[in-house]
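Reader: Hi! I'm new to looking at protein models, and I'd love a close look at one part of this one. Could you walk me through the salt bridges and what lies around them?

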Amino acid sequence: MVENGDIITTITGEPFFWLNLGEKSNTFSYTHTADTKWGEKQWNVNPYNDMFYELTTTKEADFYLSHKDSELESTYLTLVNAKDESIVWSASNNSKKPTELTVRNVPPGTYYVISEGKEGNGVITTHIDVEVDSDIKNNYVRTKTYTYQPDNEYLDTYHYYNGLGYPVQILQKRVTPAKKDLAFLKEYDKFGRESRSWYQDYQAVKVPTKVSELSKTVLSRQL
């Protein structure tokens, strides 16, 4: 026999508007799309709902955040230190281009990436790219060439050398129009003479830790 009655449904887990991405020790990328009308107001920047993305880094890292491809044109994007809830950096747009935020040399710790509408709720796509310095085992020289752009922008370049001191790769971080890395690879013959040079632009990945890994990360084109 079927009877009517009260049904209690319990849903466990994190709320929709709060996503924990976990602990990160290597470079990673994450993209998520959500309609903030289904969220809640947690951050007191404006009266509209927001999305929280929590993550923990174990090493110093560079954060590249954006609202590219969002349906909602006017948005806020904020990076917050979870320890004391202080704002590391925030950005908003003027509807002509997506909100973007770059924060360099962020110390290890737990952080919140907060996405919200500037003039109302709506669908926001949040892109989170975090680049973590690796424990590189081979010789290399890292150079930072600062530009006249705001937010302490600089050109980040790695020069790798083999055990004999020959340059084997130059890696320029996020220099292409699509924000990809650009790599130049050199090969030598048995007499130590340069035999071939290669280049490739590719999506940001973990920095190679061994010279033997360089050619694996570069799907090469001969110069």
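**Salt bridges, close up**

Author: Happy to! A search of the whole structure, which is a predicted model, turns up 2 salt bridges.

Let's begin with Arg104 and Asp62, whose closest N and O atoms are 3.7 Å apart. This pair links distant parts of the chain: Arg104 sits in strand S7 (residues 100-106), Asp62 belongs to strand S4 (residues 61-66), and 42 residues separate the two. Are these partners buried or exposed? Arg104 has a relative accessible area of 15% and Asp62 one of 5%. Because the cut-off for buried is under 20%, Arg104 counts as buried, and so does Asp62.

Now for the other pair. The side chains of Lys173 and Glu131 meet in a salt bridge, with 3.7 Å from N to O. Here too, distant parts of the chain are linked: Lys173 lies in strand S12 (residues 167-173) and Glu131 in strand S9, 42 residues apart. Both Lys173 and Glu131 are buried. As a general idea to keep in mind, side chains of opposite charge can pair when their charged atoms come close.

Strand S9 deserves one further stop. Val132 is found in this strand, which covers residues 123-132. With a relative accessible area of 2%, Val132 is buried. Which residues does Val132 touch, leaving aside those up to four places away in sequence? They are Ser25, Asn26, Thr27, Lys59, Glu60 and Ala61. Finally, Val132 and Val106 are 26 residues apart in sequence, and their C-alpha atoms are 9.6 Å apart in space.

Note on methods:
Residues numbered from 1 in each chain as written. Predicted model: local features only at pLDDT ≥ 70, side-chain atom pairs only at ≥ 80, totals over all residues. Heavy atoms only, no water. Helix = DSSP H or I, 4+ residues; strand = E, 2+ residues; numbered from the N terminus. Buried < 20%, exposed > 50% of the residue type's maximum accessible area, 1.4 Å probe, protein only. Contact = heavy atoms within 4.5 Å. Salt bridge = Lys/Arg side-chain N within 4 Å of Asp/Glu carboxyl O.
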